[in-house]
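Please open the structure in the viewer and keep the selection tool at hand. The tour proceeds from the whole chain to individual side chains.

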Amino acid sequence: MAAKSKVIIYIDDEPNPIAAFDTPVNFELDTRKLVDGQHELTIISKDPTGKEGIRKVPFEVRNGPAISIEGIRENAVVDGIVPLMINAYGKGDQKDFLISGSETPQSIPAWVWILIIGFAGWALFYLFRYFAMPL
């Protein structure tokens, strides 16, 4: 039987690996054990001759409730009173989706108001022209 390559998997800067396998391997990473935020998956491969290869994969974990905010953007410069709309909702799990609270209410964008006012003005113009016609 031919010797196989090995892979060792690390999360962030942990000194102990989370797993070590002979290749090929199918592996499920359980992110429920990680805190929300940025992480890095480091995979070290060793072939039968002892040569190593390293691959680092940065990723972000977001298991907690999703947080949506309207009224301020990242790195914004603000002053005075800033009205904010904040919504936080859980996604449930991979088998059940939670519908209640999963939609974030948002204010109507300015371009929609401009379209509505423009259409109303156009309609009133033609309505006045229609009634202004001599019979």
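Accessible areas here come from the Shrake-Rupley method with a 1.4 Å probe. On that basis, the accessible surface of the protein chain comes to about 11,900 Å², and carbon and sulfur atoms account for 60% of that surface. The model on display is predicted.

**The whole chain**

Begin with the protein chain coloured by secondary structure. It contains 1 helix and 6 strands, and from the N terminus the order of elements is β-β-β-β-β-β-α. Of the 135 residues in the protein chain, 13% are buried. Among contacts with a separation of 6 or more, 35% join residues that lie 24 or more positions apart.

Next, colour by confidence. The mean pLDDT of the protein chain is 82, and 85% of the residues score at least 70. Select residues 52-61, strand E4, where confidence is highest, at a mean of 92. Then select residues 85-89, strand E6, where confidence is lowest, at a mean of 74.

**Histidine 39**

Select histidine 39, a residue of strand E3. Is histidine 39 buried or exposed? Its relative accessibility is 9%, so histidine 39 counts as buried, the cut-off for that class being under 20%.

Now display the polar partners of this side chain. The side chain of histidine 39 makes a polar contact with the side chain of aspartate 12, at 2.7 Å. The histidine 39 side chain also reaches the backbone oxygen of valine 35, at 2.7 Å. To see the surroundings, add Asp12, Leu34, Val57, Pro58, Phe59 and Val61, which histidine 39 touches when residues up to four places away in sequence are not counted.

**Aspartate 36**

Move to aspartate 36, which is located in the loop between strand E2 (19-22) and strand E3 (37-46). With a relative accessible area of 41%, aspartate 36 is partly exposed.

Which residues is aspartate 36 in contact with, leaving aside its neighbours within four places in sequence? Select Val61, Arg62, Asn63 and Gly64 to show them. For asparagine 63, display the backbone nitrogen: it lies 2.9 Å from a polar atom of the aspartate 36 side chain. Proline 65 offers a further distance to display: its C-alpha atom is separated from that of aspartate 36 by 9.9 Å, and the two residues are 29 residues apart along the chain.

**The aromatic rings**

Finally, show the aromatic side chains. The structure holds 5 aromatic pairs. In one of them, the ring centres of phenylalanine 125 and tyrosine 126 are 5.0 Å apart and the planes stand at 85 degrees, so the pair is edge-to-face; planes over 60 degrees apart fall in that class. Phenylalanine 125 has a relative accessibility of 43% and therefore counts as partly exposed. Tyrosine 126 likewise counts as partly exposed, at 43% relative accessibility.

Proceed to tyrosine 130 and phenylalanine 131. Their ring centres lie 5.3 Å apart with the planes at 75 degrees, so this pair is edge-to-face as well. Both tyrosine 130 and phenylalanine 131 are exposed.

For the last selection, take Phe119, Trp122, Phe125 and Tyr126 together. Ring pairs link these four residues into a cluster.

Definitions and conventions
Residues numbered from 1 in each chain as written. Predicted model: local features only at pLDDT ≥ 70, side-chain atom pairs only at ≥ 80, totals over all residues. Heavy atoms only, no water. Helix = DSSP H or I, 4+ residues; strand = E, 2+ residues; numbered from the N terminus. Buried < 20%, exposed > 50% of the residue type's maximum accessible area, 1.4 Å probe, protein only. Contact = heavy atoms within 4.5 Å. Phe/Tyr/Trp six-rings, centres within 6.5 Å; stacked < 30°, edge-to-face > 60°. Polar contact = N/O pair within 3.5 Å; in protein donor to acceptor, adjacent residues only side chain to side chain. pLDDT = per-residue confidence, 0-100.
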